[in-house]
Amino acid sequence: MTFLGLLRLSFVPLALASACFAIVPRATALEVKGLAQLSFVDGDSKTSFINSGTGILRYDGGSAELSQGVLELTQDFDGGLTASATFNAFSDGDLHVGLTQALVDWKPLSANAVRFKGRAGFFYPRMSAENTDIGWLSPYTYTPSAINSWIGEEMRIAGLEATLFSPGRSRRSPWSWEINTAVYGGNDPAGSILSWRGFALHARQSLHHDRLQFAPLPSVIPPSTVSGPAWVEPFHEIDGRLGGYIGAHLRRASGPDLRVYYYDNNGNPNELNSDRLYAWDTRFWSLAYAHEFRPGWTLLGQWMVGESHMGDALVDIDFDAHYVMLSHASGRHRWTLRYDGFDVDETDAYPKDPNNSDGSAWTAAWRYTPRKDLEVGVEYLDTRNSAANRPTVGEPINARQQQLLFSLQYRFGG
């Protein structure tokens with residue numbers, strides 16, 4: 001298949017899913033499920049990046065928001081084939097309704113100890129042990145970690161993934177494993193948000209064709225500097241080169257779940273499109289861990305380290321982030337406490353465009369489910385962070401931001 005053919009397959013996964021409906025005659029009933037989450041927020045007064053500010057939290061001031069609307073459609077067919085699409089809705093941001101994932105999974109039946117499965121479309125790599133709920137949401141907090149906030153912003157692959165896996169029961173072993181690899185296009189701008197804003201904490205996943213704003217930095221916009229827009233559209237193919245990743249999962253029954261990934265978008269940092277969006281060369285390692293070490297008690301963590309480059313050494317950064325989370329579920333209640341640390345270090349020699357940023361955050365959440373379809377909860381988030389480019393827009397480098405969120409959530413279907 002040619003590169004153009006692969007991209008057409010990747011960027012129109014709904015068309016591929018429709019083709020599967022036509023080719024495979026026998027199918028189960030269409031499964032429809034989703035949720036709506038209304039949040040009442042008392043946010044920090046610092047203008048959010050959502051509103052072209054330098055704040056790293058989603059909300060500023062007090063407001064009532066549709067923070068999550070999720071609609072997930074799933075169709076199973078004979079032969080281990082499943083087509084699915086996920087749509088999200090938000091009251092904030094550039095687009096308010098759109099597609100976040102659309103893919104076809106193939107998992108043929110097999111009695112072998114080592115088996116195969118694959119998927120194609122527009123989807124997340126399964127590197128997160130935190131965002132495991134419907135619509136790639138977290139079942140623990142309403143605001144995911146800085147790592148998974150960034151993955152939700154700038155990462156979705158449009159391509160193909162192949163997996164070899166071995167369930168432990170097929171080998172009479174408590175250990176299950178899988179190894180997956182993927183090729184993809186359409187993720188060339190990944191890294192731009194980390195460079196010009198830094199890590200943030202929020203639960204707004206980017207929609208397909210979404211536009212992410214950052215502050216109108218004088219180090220970016222003028223023709224005498226980077227001469228770029230004060231926004232990025234993360235799911236563009238710019239340089240005509242395929243990226244890839246490889247990942248491994250190791251899980252023990254009723255024990256730890258370990259996931260390690262190496263991701264490389266293989267971008268040509270000197271290529272740019274008509275909007276002056278560059279193809280960033282971004283690569284990183286991710287290590288995630290989850291373990292229910294006692295009934296109702298779960299320990300989670302993730303560490304990510306990587307680098308990103310744009311232009312002829314115009315922007316070079318190293319980035320590093322981690323979180324540790326402890327969550328306790330008892331009856332209809334869940335309590336969670338998480339600590340985040342994150343850092344972006346500038347390694348280029350272009351002083352007109354400062355890119356250093358760092359910070360830490362504590363998040364505490366309580367979620368209560370009085371019945372299967374209804375949930376109420378409260379979350380408090382406190383972060384101290386810095387960004388070297390804030391003085392260029394007349395703001396101090398350092399900031400402390402706090403956010404109190406009350407949530408009412410309704411689920412349907414499933």
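Before I start, one definition: a residue is called buried when its relative accessible area is under 20%, exposed when that value is over 50%, and partly exposed in between. Please keep in mind as well that what we are looking at is a predicted model.

Let me apply the definition straight away to Glu178, whose relative accessibility is 11%, and which therefore counts as buried because that value is under 20%. The side chain of Glu178 meets the side chain of Arg126 in a salt bridge, with 2.4 Å from N to O. This pair links distant parts of the chain, since Glu178 belongs to strand 7, residues 175-185, while Arg126 sits in the loop between strand 5 and helix 3, and the two are 52 residues apart. Unlike Glu178, which is buried, Arg126 has a relative accessibility of 25% and so counts as partly exposed. If you are wondering what brings such residues together, the general idea is that side chains of opposite charge can pair when their charged atoms come close.

How many salt bridges does the structure hold? There are 20 of them, and I will pick out a few others. Arg259 pairs with Asp257, and here the closest N and O atoms are 3.2 Å apart. Arg259 is buried at 14% relative accessibility, and Asp257, with a relative accessible area of 14%, is buried too. Asp264 makes a salt bridge with Arg283, where the closest N and O atoms are 3.7 Å apart. Because Asp264 lies in strand 11 and Arg283 in strand 12, this pair ties together parts that are 19 residues apart in sequence. Asp264 is also buried, its relative accessible area being 18%. Finally on this topic, salt bridges that share partners join Arg58, Asp92, Arg204 and Asp210 into one network.

Now I would like to turn to the aromatic residues. The count of aromatic pairs comes to 18, and the one I have chosen is formed by Trp150 and Phe284, whose rings are edge-to-face, 5.7 Å from centre to centre, with 65° between the planes. Why does this pair tie together parts that are 134 residues apart in sequence? The reason is that Trp150 lies in helix 3, residues 146-154, whereas Phe284 lies in strand 12, residues 281-294. Trp150 is buried, at 1% relative accessibility, and Phe284 is likewise buried, at 1%. Both of them also belong to one aromatic cluster, whose members include Tyr184, Phe199, Tyr245, Tyr261 and Tyr263.

While we are at Trp150, let us look at the helix that carries it. Helix 3 is mostly covered, and in fact nine of its nine residues are buried. Among them, besides Trp150, are Ala146, Ile147, Gly152 and Glu154.

Rings can also have a charged group above them, and I have two cases to show you. In one, the charged end of Lys117 sits over the ring of Phe165, 4.9 Å from its centre. In the other, Arg197 lies over the face of Phe49, at 4.6 Å from the ring centre.

Next come two residues to look at for their backbone angles. His209 has a phi near 70°, which is a positive value in a residue other than glycine, and His209 is placed in the loop between helix 4 and strand 8. Asn266 also has a positive phi, of about 55°, although it is not a glycine, and Asn266 is found in the loop between strand 11 and strand 12. Are these two buried, partly exposed or exposed? His209 is exposed, with a relative accessible area of 64%, whereas Asn266 is partly exposed, with 30%.

I will finish with Thr225, which is placed in the loop between strand 8 and strand 9. Although it is in a loop, Thr225 counts as buried, at 16% relative accessibility. Which residues is Thr225 in contact with, once its neighbours within four places in sequence are left aside? They are Pro218, Ser219, Val220, Tyr350 and Lys352. Look in particular at Lys352, because although Thr225 and Lys352 are 127 residues apart in sequence, their C-alpha atoms are 7.4 Å apart in space.

Conventions. Residues are numbered from 1 along each chain as its sequence is written. This is a predicted model: local features need pLDDT of at least 70, side-chain atom pairs count only at pLDDT 80 or more; totals for chains, interfaces and linings use all residues. Side-chain values use heavy atoms; hydrogens and water are left out. Rings of Phe, Tyr and Trp (its six-membered ring) pair if their centres lie within 6.5 Å; planes under 30 degrees apart count as stacked, over 60 as edge-to-face and the rest as tilted. Helices (H or I, at least four residues) and strands (E, at least two) are DSSP runs, numbered from the N terminus. Buried means under 20% relative accessible area, exposed over 50%, partly exposed in between (1.4 Å probe, protein chains only). A charge sits over a ring if NZ of Lys or CZ of Arg is within 6 Å of the ring centre and within 35 degrees of the ring normal. Contact means heavy atoms within 4.5 Å. A salt bridge is a side-chain nitrogen of Lys or Arg within 4 Å of a carboxyl oxygen of Asp or Glu.
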